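Visitor: Please take me on a close tour of the packing inside this one. I'd like the nonpolar side chains and the aromatic rings, with the cut-offs spelled out.

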Amino acid sequence: MADLAAAAEEIEARHGLASIEGGRHPGWGTANRIVPLGEAYLELVAVVDEAEAAQSPFGRWVAAARHSLPRLLGWAVRTHELDDFARRLDLTVAAGSRAGRSGQLVRWRLAGIEQATAEPSLPFFIEWGHGTQLPGRAPATHRAGVVQIATLRLDGDADRLAAWLGAHRLPITVRPGPPAVASIVITGAAGELVLDTDRM
């Protein structure tokens, strides 16, 4: 948890973004903190159990990046049609849950983690369980004020991403290059804030 605390302090000191405790991911060997941004959020993730992390695709992804952290690792798309994505793209659906701060169970289903870890310009897909509060809507007071994601900048194959996502209205741009999340542009009353590997 020390890695998470340090990351939270850094992102608040440098960018004025507050985070809240998330929790452990059972079976993944990871834990998180959430930076709520309304309809979206940033997730700070660290390995807390190396043996457990080695047994899960998500845990291995975070563990492999730990020596170059903090950095942008990947992204996710929230959907209510997870099974449709899974059928169209031939993805395996997996369920997950963790205890929330209030003790209430936070539940979700995921698809596409293995593909996203191999090609980080592709998102994985998440469908939140019925009655689960969206992490982005959790209360948090940012020193930067009320902020939201304006643009997600990706490196990769634009045609491949378009085929992966299908029709969408996501605020993303893609430039040619090795697959990666290049930067996140956040806007608010104080102006524009850019998060990238050099400015985390």
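Guide: Here's the nonpolar packing, followed by the aromatic rings. Bear in mind that the model is predicted, so local features need pLDDT of at least 70 and side-chain atom pairs count only at pLDDT 80 or more, while totals for chains, interfaces and linings use all residues. Numbering runs from 1 along each chain as its sequence is written, and side-chain values use heavy atoms, with hydrogens and water left out.

A nonpolar core here means buried Ala, Val, Leu, Ile, Met, Phe, Trp, Tyr and Cys residues joined through side-chain atoms within 4.5 Å; buried is under 20% relative accessible area with a 1.4 Å probe, protein chains only. The largest such core has 34 residues, and Leu17, Leu42, Trp75, Phe125, Leu165, Ile186 and Leu195 have the most contacts inside it. Among the elements supplying at least two residues each are helix 1 (2-15), helix 4 (82-89) and strand 10 (180-188); helices (H or I, at least four residues) and strands (E, at least two) are DSSP runs, numbered from the N terminus. Helix 4 gives the most, with 4 residues. Apart from this core lies another, of 17 residues, including Val47, Phe58, Trp61 and Leu73.

Now the rings: there are 7 aromatic pairs, meaning Phe, Tyr or Trp rings (six-membered for Trp) with centres within 6.5 Å, where planes under 30 degrees apart are stacked, over 60 edge-to-face and the rest tilted. Trp28 and Phe58 make a tilted one, 4.7 Å centre to centre with 40° between the planes. Trp28 sits in the loop between strand 1 (20-25) and strand 2, Phe58 in helix 3 (residues 57-65), 30 residues apart. Both are buried, and they join Tyr41, Trp61, Trp108 and Trp128 in one aromatic cluster.

Methods: Buried means under 20% relative accessible area, exposed over 50%, partly exposed in between (1.4 Å probe, protein chains only).
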